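User: Please take a close look at the aromatic side chains in this model and how they are arranged. I would also like a word on the cysteines.

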Amino acid sequence: SAAAASSGVPMAAEEVSGGARKATKSKLFEFLVHGVRPGMPSGARMPHQGAPMGPPGPPYVGSPSVRPGMPQAVMEPARKRAAPQQAPQQAAQQQAAQQQAAQQQATQATQSRPRSAKRRKMADKILPQRIRELVPESQAYMDLLAFERKLDQTIMRKRLDIQEALKRPIKQKRKLRIFISNTFNPAKSDAEDGEGTVASWELRVEGRLLEDSALSKYDATKQKRKFSSFFKSLVIELDKDLYGPDNHLVEWHRTATTQETDGFQVKRPGDVNVRCTVLLMLDYQPPQFKLDPRLARLLGIHTQTRPVIIQALWQYIKTHKLQDAHEREYVICDKYLQQVITMGQKAAALPGML
């Protein structure tokens, strides 16, 4: 029994120590989970670590509450507070400045492109003679290049015609009828005074626009043009043997102060038949010029305005490669152009020579 008693003492001590450990573990668990310190009344708890210590409402530490749909506040990196938001006008100005800078960069990039990016010249398209000998089918390509040159020449001429037509008013095709008449006044003798009148004749040149039934109702309110307004000059040539070298021409030329008239009248003494030649020069707007027959055959133009004639001459020079290889301002005339223009002329002097 003594042995049993001695052996039971350590067992009781172990049970007491085990119960103390369990109580310590339970208190530690309550402190960690519920925040209850030993000695605190039951039901009282310590605030959780990280919980707000102030009055109810938004916490002092941490991000404030944000409603759904509201933009997130931007925090300044140096300070722990929200950065001030920019006004809408300032944001729009910054965006416009960025777009303008991007456009400038794109423009500079376009201007700095190399010239090789442009369209190749006609000389770069022509195949060398050696390649044409090796490839017989290349002749078709050369024929296409020749056709392209002719097509470019025709397009340039038509484009210039369109530009000239846009400068002029809308054309209306009308008929101008010219009346040429003459009257003879025989000589009369006055028995009382013994003096009479000398025989004479009178030539009249008149004209008017024929009325068009489709346009008459629209032109009824417009003022009709005088006969002389259609012409730049008029020359009546009489018989030189009858009226001499100084009195056989009757001329009328338009000036800035010319008064328009419905006709022209010429009166001369005489009682014999006289042969008259009437020359009328139309007043073209813009002015048109009649080419020399040789130049007309060369350019395929008979009468045209000055810009069209110069453009056609330039196309002929470029098509036949008549410019000097080293000095481009000089033109080397071929055997056809030599009949009209002297050799070795500067390109700038060609319009003046025409």
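Analyst: In this predicted model, the charged end of Arg225 lies over the ring of Phe230, at 4.1 Å from the ring centre.

Turning to ring-ring contacts, the structure has four aromatic pairs. One of them joins Phe227 and Phe264, whose ring centres are 6.2 Å apart. The planes of Phe227 and Phe264 make an angle of 65 degrees, and the pair is classed as edge-to-face because planes over 60 degrees apart fall in that class. The two residues come from distant parts of the chain, 37 residues apart. Phe227 belongs to the loop between α6 (213–219) and β5 (231–237), while Phe264 belongs to strand β7, which covers residues 263–269.

Both partners are shielded from solvent by the accessibility criterion. Phe227 has a relative accessible area of 2% and is therefore buried, since the cut-off for that class is under 20%. Phe264, with a relative accessible area of 11%, is buried as well.

The contact between Phe227 and Phe264 is also part of a wider grouping: Phe227, Phe231, Trp252 and Phe264 make up one aromatic cluster.

As for the cysteines, the structure contains zero disulfides. Accessibility can be given for Cys276 and Cys333. Cys276 is partly exposed, at a relative accessible area of 32%, whereas Cys333 is buried, at 5% relative accessibility. A disulfide would require a pair of cysteine sulfur atoms within 2.5 Å, and the count of such pairs here is zero.

Terms used:
Residues are numbered from 1 along each chain as its sequence is written. This is a predicted model: local features need pLDDT of at least 70, side-chain atom pairs count only at pLDDT 80 or more; totals for chains, interfaces and linings use all residues. Side-chain values use heavy atoms; hydrogens and water are left out. Rings of Phe, Tyr and Trp (its six-membered ring) pair if their centres lie within 6.5 Å; planes under 30 degrees apart count as stacked, over 60 as edge-to-face and the rest as tilted. Helices (H or I, at least four residues) and strands (E, at least two) are DSSP runs, numbered from the N terminus. Buried means under 20% relative accessible area, exposed over 50%, partly exposed in between (1.4 Å probe, protein chains only). A charge sits over a ring if NZ of Lys or CZ of Arg is within 6 Å of the ring centre and within 35 degrees of the ring normal.
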